Amino acid sequence: MPPHSSPANSSAVTFRGVERHFGAVRAVDGVDLDIAPGEFFAMLGPSGSGKTTCLRLIAGFDQPTAGHIEIFGDTVEGVPAYRRPVNTVFQDYALFPHMNVLDNVCYSLMIRGMGKAERHKRGAEELKMVKLFGMEKRKPGELSGGQRQRVALARALVVRPKVLLLDEPLGALDLKLREDMQGELKTLQRSLGLTFVFVTHDQGEALSMADRVAVFNEGRIVQVGPPQDIYERPRSKFVADFVGGSNILDPDLVHVWTGVSSPASLRPEKVGLLAPGADCPTGSIVVEGHVDQALYHGAVNRIELVSLDGRRLLMTIPAAAPLPRQGELARAFFDRRSLHVMEDA
Amino acid sequence: MTEAFVVAAPQETVPRRVSDALMARRGLFLLLLLAPPLLWLGVVYLGALFALLAQSFFSIDEYSGTIVYEPTLKTFSELLQPANFDIIVRTLVVSAVVTLLATAVAFPIAYYAWRYARGRVKALFYVAVMMPLWSSYLVKVYAWKLLLAKEGAVGWFMHAAGLSVVLDSWLAAPIVGGPSLSVSYTGMVLVFLYLWTPFMVLPVQAALERVPVSLIEASGDLGASPGQTFRNVVFPLALPGIVAGSIFTFSLTLGDYIVPQIVGPSSLILGQVVYTQQGTAGNLPLAAAFSVAPILIMGVFLTLAKRIGAFDAL
């Protein structure tokens, strides 16, 4: 059944078999996607994985080579960006340099023909919402990166689009600001009840903000689900490794421990270091090896162990424990249940 | 056991000491760097300009034809005589028309080069725009005179295309017309347009190159149709380039005295008047007074451009 005739399609954004080719390169290679209304949706992946192209396809800056896209039930192929109920916060913010902050925020209202007094009032309210005060008359060139982002956000939200797209929204900010902004974006999205779709290569950002995450690799979505699912139950080596980093255990080893001949993922923080002479907790698996590298990371120590049969095991343990020396013999242990057997390689 | 590598301290040579001293006193360094160009600009350029302006406050004795070295505004008042004032107005109109047409012709070219031309095509664009500047100015003007003459290529083409009526009725029109294109204002404006268009294309294109494509996308994203995006984003951001180009096309037309001599009607243009007044007529004060006119006009032009916010995007 063709998707556009499906009864009461309740998706905010729908992709069906969407492809986008640039010459011989398949930037987007058969993507199916359903983003629910009011959802905070993350598209996560390395650069060149097709996530930004998908965002541009929703915005209308680009058209699919094949497939079908709907926004709130309306087919949007061939509909130009300026007729879509979607606004974007650009990675470089794309503020108009010749307009002051207020005129930037009021741009879409001005385009819609709203009177000056009314749109300035609306714009001022919008700036208050993003906590930017007393900057109305400044030019974008006079603002800091964080302030510019708030202007871009206010400008995109002023007409309450059905879907807000954010392209690496926090990429250009420093760490402290980025963490503050994560919380603020989440609060904003909840209070407005709008659908937010954002693109990021930062797994921390995706996991902390999104209701659901789609992991992209080589133009395809390799896994989609709530952050806990993605992190706890990665479906493939790629997801396990890209999201959070993981030990990928070979099928033969996994077979010995679990009886299943599939690769398994083991998160570094699930592995502990056994004190010398201590007994192994019941139900645990112990791996003996030499310490190859031990680094102090502040909150945690990051230790790489090479087992006696030459396999590498990465672990992060609370920094309270003393840092082992390189070459020292050590015993690592983990709960059998921490092993996550993956469906496909 | 351990062998230490010792890097020898740099020797205290004279050039070294000089450079140390210069680095320590940044002001002195800057002064030394800037002195020659400032002297050139101050003495040779501004000096000559002021000498010229000073001339305009003298007058000429009408009987002996000698210059009276007494400050007076008499020469300036001569500018306001109908015959002289007409020349200024005529020149102003021609310059303005050339500038407007140059903008109209140059903008699409610059826009195309910015939005669509890449790599080899872009290189070709630069060559194509600059190529007219590679050949002699006089050769180009005389070539145009031939093209525009009554029996010239333009007339022949119009005839062959069955458009003789159009050409004839254009030539029959007042002011823009004349016996043939080569002796009409239309011809003069066309030649100016040809000569100065590169000076408009390049600054406009440079201004557009600095506009990130994301601004165009953002405008569309916020609901602006391509036309609205052009009016609200592209054009304002290109305006500094258009103004820069206009300074070229406007002032080059304002001061030119060769083109109007070769192509166009017999009525004089400002540059020609300056040329004849300081040459054959020997009336240096009047020539100087005429030269002040373009300076004032450019001053007014730039003030207006600033007033409408042409430089806001700089």
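Let me begin with a single residue, Pro322(A), which sits in the loop between β16 (312-318) and β17 (329-335) of chain A. Please keep in mind throughout that this is a predicted model. Is Pro322(A) buried or exposed? With 9 other C-beta atoms within 10 Å, Pro322(A) is exposed, because a residue counts as exposed when 12 or fewer such atoms lie within that distance. If you then look for Arg336(A), you will find that 14 residues separate it from Pro322(A) in sequence, while the two C-alpha atoms are 25 Å apart in space.

Stepping back to chain A as a whole, we have ten helices and 18 strands, and a C-alpha trace that spans about 80 × 55 × 35 Å along its principal axes. Of the 345 residues in this chain, 39% count as buried. When we take the contacts in chain A between residues at least 6 apart in sequence, 62% of them join residues that are at least 24 apart.

Now to the place where the two chains touch, where 18 residues of chain A are in contact with 17 residues of chain B. On the side of chain A, the elements that give two or more residues are β6 (86-89) and α3 (107-111), and α3(A) gives the most, with three residues. What kinds of residue make up that side of chain A? They divide into eleven nonpolar, four polar and three charged.

Let us move into chain B and look at helix α13 (residues 270-278), in which Leu270(B), Gly271(B), Val273(B), Val274(B) and Gln277(B) are buried. Seen down the axis of α13(B), these buried residues fall within an arc of 160°, so they line one face of the helix. It may help to recall that an α-helix has 3.6 residues a turn, so residues three or four places apart point the same way. As for what covers the buried residues of α13(B), the cover includes α4 (82-115), α11 (226-255) and α14 (284-307) of chain B.

One of those covering helices, α4(B), also brings us to my last point, since its axis and that of helix α9 (residues 185-209) of chain B come within 6 Å and cross at roughly 45°. The two helices, α4(B) and α9(B), are therefore oblique to each other, and their crossing is right-handed. Which kinds of residue form the contact of α4(B) with α9(B)? They divide into 23 nonpolar, three polar and one charged.

Technical notes:
Residues numbered from 1 in each chain as written. Chains lettered and ligands numbered in written order. Predicted model: local features only at pLDDT ≥ 70, side-chain atom pairs only at ≥ 80, totals over all residues. Contact = placed C-beta atoms within 7 Å. Helix = DSSP H or I, 4+ residues; strand = E, 2+ residues; numbered from the N terminus. Nonpolar A, V, L, I, M, F, W, Y, C, P; charged D, E, K, R; others polar. Buried ≥ 20, exposed ≤ 12 C-beta atoms within 10 Å, placed from the backbone. Arc of directions from axis to C-beta. Axes fitted to C-alpha atoms, helices over the stretch in contact; angles between N-to-C directions. Parallel < 35°, antiparallel > 145°, perpendicular 65-115°, else oblique. Left-handed = near helix turned anticlockwise from the far one by under 90°.
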